Amino acid sequence: MSAVEARDVFRVHGSGRAGVPALQGLTLTVEEGEVCVVLGPSGSGKSTFLRLVAGLDRPSAGALQVLGREPAALARRELTRFRRRDLGYLDQRYWLALAPHLPALDLVALHGALSGESPEGRRSRAASLLARVGLDARRMAPAAELSGGEQQRVALCAALAHRPRLLVADEPTGELDPASAGVAFALVASLAREEGCTVLLVTHDPRAASIADRVVRIRDGRVAEEARAGEESAVVGRGGWLRVPEELLQRAGIGHAARLEGADGAVLLRPHGAAAAAAVQEPPPRVAAEAGGAVVARADGVERAYDGRLGLRRIDVEVRGGRLTAVTGPSGSGKTTLLRLLAGLDVPTRGSVDVLATTLSSLDRAERARFRRATVGYVAQQPTLAERLTARETVETALALRGLDAGGAEDALRVVGLGDLAERPLGGLSNGERERVAVARALAPGPALVLADEPTARLDRDNALAIGRLLLRVARERGAAVVCASHDPVLIELADDVVALDTPRR
């Protein structure tokens, strides 16, 4: 029996002329016991498909069966029971599923309790899973004290705690460093083999292919490519449309057009005209950094402890205008903590933080908030956005709070590639598009200091590169100091300066 059977599935958000198609006739079968990895650019419909599979949304048209049942046809109580017993679901916004004051062990064990497992059994299972993702020493820490990467690993363990028949995971490693991502992928693969769990995993991380039985690529709301492990293939759509893996086209030097040649039992594709040259062009060179912009922010001997636990080891950092700085390090090393200190959202236990020659710890909370509004653009790791507002209204609100002309909202959205989506409610945008709205909101007021926490974690490579180049351009053209906490090699490669943090001693 197939674990997932989708036939000509459509999903349209909204209605009438305002309707936005997220899926456009997607057809896909996932066999029981298979590890199926789904790749695709931001906005291609990947997360929408996972929400349909998990019964969190309903198709607008088409047929979808999951483990022999049709989620859209189940009554609410039946659907709840079905998800609790048979499905493990990890949302891209993993933090919404974690009660901040519960220890990691209890958060994972809770899922075993909901499925009826004994107290001893579920705590043993939770402890085992946490140890396998490197969190044994943090199992009694409340979620609020964990880094974003640690929280993401806890959420993955919680999704697996009740031994689901089907794991549906949306970007399970988006905010993990490479080593932690490898551990998470290994856990998913080993449990799939040991327990016969089917895995449907959406990601931008091509390393996920290493654990896959099959890799599927979605583009424009339908399957564009699929291949078994070690193979590459093309999908032939209705009317003879042929979808060829982009990597193959790039290696062949094929751009927007190809010449077709019939052969004995084969069809050959060759580069055609000027499009061939365009396909192999190198990306434009990066603009060189100014050697000595003014110091915008400085952290001298800064350290941050929480109830006796060191969250950020003593560090000295100097951030200059006109430069892009990447803060790197393993999950839990204090990257988010450092950004929060530079933003005045927190104060150091030891040392001082100065922004534009103002010592932030000398200000009270209200004064720091006023100073931040005037000086800092902040993109949180878990951005808070009002989903009923449009993208334009979201940015306009940020400008209005600062007494600035709201007319700059559309320009800010245009520079992050969302000009055509300005009037769309955030609830109708993909997670990657919402991330870009958060970046636009931070940049629109023209701050002197831009702080972005994992701004490319939910983006495909092309959009990650576009955001990285945008942040670099903001530094160069506006003279802003831009600081990004990131594991993304694309962003790190673009950076002028790299600050590498070590995991603090607990």
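## Exercises on strands, helices and salt bridges

L39 stands opposite R217 of strand β8. The model in which this pairing occurs is predicted, and the exercises below work through its strands, one of its helices and several of its salt bridges.

**Exercise 1. Determine which strands pair with β8, and in which directions they run.**

Solution. Begin with β3, which spans residues 35-39. Four bridges join β3 to β8 (residues 214-219), and these two strands run parallel. The pair L39 and R217 shows one position at which the two strands face each other.

Next, take β9, residues 222-228. Six bridges join β9 to β8, and here the strands run antiparallel. Within this pairing, V216 has E226 of β9 as its bridge partner.

Finally, examine the connection. β8 and β9 form a hairpin with two residues between them. D220 lies in the turn and has a positive phi of about 55 degrees.

β8 therefore pairs with β3 and with β9, since two strands pair if there are at least two bridges between them.

**Exercise 2. State which salt-bridge network includes E226.**

Solution. E226 is the bridge partner of V216 in the pairing of β8 with β9. E226 is also linked with E34 and R214 in a network of salt bridges. In general, side chains of opposite charge can pair when their charged atoms come close.

**Exercise 3. Give the strand order of the open sheet of three strands, and identify its edges.**

Solution. The order is β2-β1-β4, with antiparallel pairing. The edge strands are β2 (20-31) and β4 (61-66), each of which pairs on one side only. From one strand to the next, the twist averages 20 degrees.

Consider then the pairing of β1 with β2. β1 covers residues 2-13 and is joined to β2 by nine bridges, with the strands antiparallel. E5 stands opposite T29 of β2. In a regular strand, side chains alternate between the two faces of the sheet.

As a last step, add the helix. α1, residues 46-53, lies across β1, β2 and β4, and runs at about 120 degrees to β1.

**Exercise 4. Classify L114 as buried, partly exposed or exposed, and describe the surroundings of its helix.**

Solution. L114 is found in α3, which comprises residues 104-114. The relative accessibility of L114 is 48%. The cut-offs are under 20% for buried and over 50% for exposed. L114 therefore counts as partly exposed.

L114 also belongs to a nonpolar patch on the surface, which it forms with L102 and L110. Together these residues have about 250 Å² of accessible area.

The buried residues of α3 are A104, L105, L107, V108, A109 and G112. Their cover includes α4 (119-132) and α5 (148-160). An α-helix has 3.6 residues a turn, so residues three or four places apart point the same way.

After the helix comes G116, with a positive phi near 90 degrees.

**Exercise 5. For the salt bridges E387 with R93, E150 with R138, and R304 with D346, locate the partners and establish whether they are buried or partly exposed.**

Solution. The search of the whole structure finds 26 salt bridges. Three of them are treated in turn.

1. The side chains of E387 and R93 meet at 2.6 Å, N to O. E387 is in the loop between β19 (376-379) and α11 (391-401), whereas R93 is in the loop between β5 (87-90) and α3; they are 294 residues apart. E387 is partly exposed because its relative accessibility is 32%. R93, at 25%, is partly exposed.

2. The side chains of E150 and R138 meet at 3.8 Å, N to O, which satisfies the limit of 4 Å. E150 belongs to helix α5, and R138 to the loop between α4 and α5, 12 residues apart. Both E150 and R138 are buried.

3. The closest N and O atoms of R304 and D346 are 3.0 Å apart. R304 sits in β14 (residues 295-306), and D346 in the loop between α9 (335-343) and β17 (350-355), with 42 residues separating them. R304 has a relative accessible area of 16% and is therefore buried. D346 is buried as well, because its relative accessible area is 13%.

**Exercise 6. Describe the chain as a whole in terms of its secondary structure, burial and contacts.**

Solution. The chain contains 15 helices and 22 strands. It has 506 residues, of which 50% count as buried. The exposed area is about 22,700 Å², and carbon and sulfur atoms supply 50% of it. Among contacts between residues at least 6 apart in sequence, 69% join residues at least 24 apart.

Conventions. Residues numbered from 1 in each chain as written. Predicted model: local features only at pLDDT ≥ 70, side-chain atom pairs only at ≥ 80, totals over all residues. Heavy atoms only, no water. Axes fitted to C-alpha atoms, helices over the stretch in contact; angles between N-to-C directions. Contact = heavy atoms within 4.5 Å. Patch = residues over 30% accessible without salt bridge, like charges linked within 9 Å, V, L, I, M, F, W, Y side chains within 5 Å. Areas by Shrake-Rupley, 256 points an atom, 1.4 Å probe, with all protein chains shown as cover. Buried < 20%, exposed > 50% of the residue type's maximum accessible area, 1.4 Å probe, protein only.
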